[in-house]
Structures are given as structure tokens and as C-alpha cells.
Amino acid sequence: MIFPATFLMGIIFPFCVKLARPSIARLGTGIGELYFINTLGGVAGSLVAGFILLPVIGFQKTLLGILIIYFLLSIGFVLCERNVDLPIRWLLAAFMAFWAI
């Protein structure tokens, strides 16, 4: 149950960088800003999960909710990617759906 969630977590950041498409002149700054937002989200998510979600709905439902959120984000990023042919995008989406289930 942990592998699909961590797999989808690992997909999000590279797709964010790809979708943001920072210019060569701002490449370091653009990726740094995305990394900051990613880290801030990780801290906020840890606090919310640890102090709110786990005590209220339990471990399994919290993990399932996080998995669903990451799955939807990753599917959205894959389908929004215009530099990849449509059949490849759908194949990637199906692959992620398979691992999410």
C-alpha cells in the first residue's frame, strides 16, 4: 500500500518543473521556488496528517485519501503534458491507475 503513494509522490515534482517551464535565465530560481513550495506543502501536509487526519479518521483512511489526491494530481499532470503524444499520455495514466489500485 505504501509503494503506490510514494511512486505518485515522486512523479509530482518533475511534472511541476516540466509544466512550469522556467526559462534558462531563471532555471535555478524557478526550480528553487517550486522546491520551496513542495517543501512547504510537505511540512503543512505532515502537520495536518499528524495532528488532524490520523486522530480523526485513522491511518488507513488517511493513507487512502493521500493516495487519491496524488493519483488525481499525477493523472492531471500527465494528461496536461502537451509534448507527449496522446496515446502515450493515456498509457502513462493507465499505468499510474494500475499502481494506485
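1. A residue is called buried when its relative accessible area is under 20%, exposed when it is over 50%, and partly exposed in between. The model discussed here is a predicted one. With a relative accessible area of 43%, E33 falls between the two cut-offs and is therefore partly exposed.

2. E33 has a charged partner. Its side chain meets that of R26 in a salt bridge, with 3.2 Å from N to O. R26 has a relative accessibility of 41%, so this residue too counts as partly exposed. The structure holds one salt bridge, and the pair R26 and E33 forms a salt bridge of that kind.

3. Helix 2 runs over residues 27-57 and has a kink of about 45°, centred on A49. Which residues of helix 2 are buried? They are G30, L34 and A49. A49 thus appears twice in this note: as the centre of the kink and as one of the buried residues of the helix.

4. Two other residues of helix 2 can be set beside these. T39 lies in this helix and, because its relative accessibility is 40%, counts as partly exposed. V48 also has its place in helix 2; at 38% relative accessibility, V48 is partly exposed as well. To give a distance along this part of the chain, the C-alpha atoms of T39 and G50 are separated by 16 Å, and the two residues are eleven apart in sequence.

5. What follows helix 2? The next residue is G58, and its phi is positive, near 90°.

6. V48 is also part of a nonpolar patch on the surface. The patch covers about 740 Å², and its other members are V43, L47, F51, I52, L53, V56 and I57.

7. The largest nonpolar core is a separate matter. Its eight residues are I11, I12, F15, I75, F77, V78, A93 and M96. Helix 1 (2-20), helix 3 (59-80) and helix 4 (86-100) are the elements that each give two or more residues to this core. As background, nonpolar side chains tend to be buried together in soluble globular proteins.

8. V78, a member of that core, can serve as an example of the contacts made. Where neighbours within four places in sequence are left aside, V78 is in contact with F15, R89, L92, A93 and M96. Among the residues of the core are F15, A93 and M96.

Methods:
Residues are numbered from 1 along each chain as its sequence is written. This is a predicted model: local features need pLDDT of at least 70, side-chain atom pairs count only at pLDDT 80 or more; totals for chains, interfaces and linings use all residues. Side-chain values use heavy atoms; hydrogens and water are left out. The bend at a residue is the angle between axes fitted to the seven residues ending there and the seven starting there. Helices (H or I, at least four residues) and strands (E, at least two) are DSSP runs, numbered from the N terminus. Buried means under 20% relative accessible area, exposed over 50%, partly exposed in between (1.4 Å probe, protein chains only). Patches are made of residues with over 30% relative accessible area and no salt bridge: like charges are joined within 9 Å, nonpolar side chains (Val, Leu, Ile, Met, Phe, Trp, Tyr) within 5 Å. Accessible areas come from the Shrake-Rupley method with a 1.4 Å probe; for residues, only the protein chains shown count as cover. A salt bridge is a side-chain nitrogen of Lys or Arg within 4 Å of a carboxyl oxygen of Asp or Glu. A nonpolar core is a set of buried Ala, Val, Leu, Ile, Met, Phe, Trp, Tyr and Cys residues joined through side-chain atoms within 4.5 Å. Contact means heavy atoms within 4.5 Å.
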